[in-house]
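Me: Before we look inside this molecule, I would like to know how its residues are going to be sorted by class. Please also tell me what kind of model is being shown.

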Amino acid sequence: MEQQLQQEIRWVQRMQKLAVPIWVTYVIALIAALIVNKDWLIPLMFFVAVLTMYMSYRQYRIMRHISNRGDVHRLLKLKMGVDWIGSILLFTFFATLLTVESVGLLLGGVFAIWSMTDSARSRFIQQKITACDSTMPTYDEVIERMS
């Protein structure tokens, strides 16, 4: 199990090293999509949403090794679910904004509210995790410690 955790940490560290090239590629693709054809934003945002969901899943896989308590695992799944909902809202917002503007604007409002309350949700979940297992480190602390 320790070997699997080390492998997960190495994967995250590789992804962190690739963050800048991925960001530059994303910005170039975004500008190209806006100049050439706005419909290209739909697959681009789909890729961003899937990448965000996958990173959330990887974060869950790393953190579940740290604690063996069932209630902490449920809270980690809740955190992953919240991240997935945000990713799905991001994609549906862009897809509907480009196809059906009035529905896209409505979903944009939902996405804006969801994004504005994200820090409060994250704090709430982290407080619940700390209440269940006070020795449990955060995700960033785990990545730094394993480096």
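Reply: Ala, Val, Leu, Ile, Met, Phe, Trp, Tyr, Cys and Pro count as nonpolar, Asp, Glu, Lys and Arg as charged, and the others, Gly among them, as polar. Residues are numbered from 1 along each chain as its sequence is written, and side-chain values use heavy atoms, with hydrogens and water left out. Local features need pLDDT of at least 70 and side-chain atom pairs count only at pLDDT 80 or more, while totals for chains, interfaces and linings use all residues, and these rules apply to what is a predicted model.

Me: How many cavities of 30 Å³ or more are counted?

Reply: A cavity is a set of points on a 1 Å grid over the protein atoms alone where a 1.4 Å probe fits but cannot get out, and its volume is the space filled by probe spheres set on the points, which are joined across faces, edges and corners. The largest cavity holds about 60 Å³ of space, and the second largest has about 30 Å³. With 30 Å³ as the lower limit, the count of cavities comes to two.

Me: Which helices each supply at least two residues of the lining of the largest cavity?

Reply: A residue belongs to a lining if one of its atoms is within 4 Å of a point, and for the largest cavity these residues are Ser 56, Gln 59, Tyr 60, Met 63, Leu 76, Lys 79, Met 80 and Asp 83. By class they divide into four nonpolar, two polar and two charged residues. Helices are DSSP runs (H or I, at least four residues) numbered from the N terminus, and those that each supply at least two residues of this lining are helix 3 and helix 4.

Me: How many residues in the lining of the second largest cavity are charged?

Reply: The second largest cavity is lined by Lys 79, Val 82, Asp 83, Asp 118, Ser 122 and Ile 125. Two or more of the lining residues come from helix 4, and two or more from helix 6. Sorted by class, this lining has two nonpolar residues and one polar residue, and the number of charged residues is three.

Me: Is Gln 59, from the lining of the largest cavity, buried or exposed?

Reply: Gln 59 lies in helix 3, and, leaving aside its neighbours within four places in sequence, this residue is in contact (heavy atoms within 4.5 Å) with Lys 79, Asp 83 and Tyr 139. Accessibility is judged with a 1.4 Å probe on protein chains only, and a residue is called buried under 20% relative accessible area, exposed over 50% and partly exposed in between. Because its relative accessibility is 17%, Gln 59 counts as buried.

Me: How far apart are the closest N and O atoms of Lys 79 and Asp 83?

Reply: Both residues lie in helix 4, four residues apart, which is about one turn of the helix. Lys 79 counts as partly exposed because its relative accessibility is 23%, and Asp 83 is partly exposed too, with a relative accessible area of 22%. They form a salt bridge (a side-chain nitrogen of Lys or Arg within 4 Å of a carboxyl oxygen of Asp or Glu), and the closest N and O atoms are apart by 3.7 Å.

Me: Which residue meets Arg 58 in a salt bridge at 3.3 Å, N to O?

Reply: Arg 58 is buried, with a relative accessible area of 11%, and its partner is buried as well, at 4%. Arg 58 lies in helix 3 and the partner in helix 1, so the pair ties together parts that are 50 residues apart in sequence. Arg 61 is also linked with these two residues in a network of salt bridges. The side chain that Arg 58 meets at 3.3 Å, N to O, is that of Glu 8.

Me: How many salt bridges does a search of the whole structure find?

Reply: Among them is the pair of Arg 69 and Asp 71, whose side chains meet at 3.1 Å, N to O. In this pair, Arg 69 is partly exposed, with a relative accessible area of 36%. Lys 79 with Asp 83 is another salt bridge, and so is Arg 58 with Glu 8. For the whole structure, the number of salt bridges found is five.

Notes: 1 Å grid on protein atoms, 1.4 Å probe; cavity = no way out; pocket = protein on both sides within 12 Å on 5 of 7 lines; lining within 4 Å.
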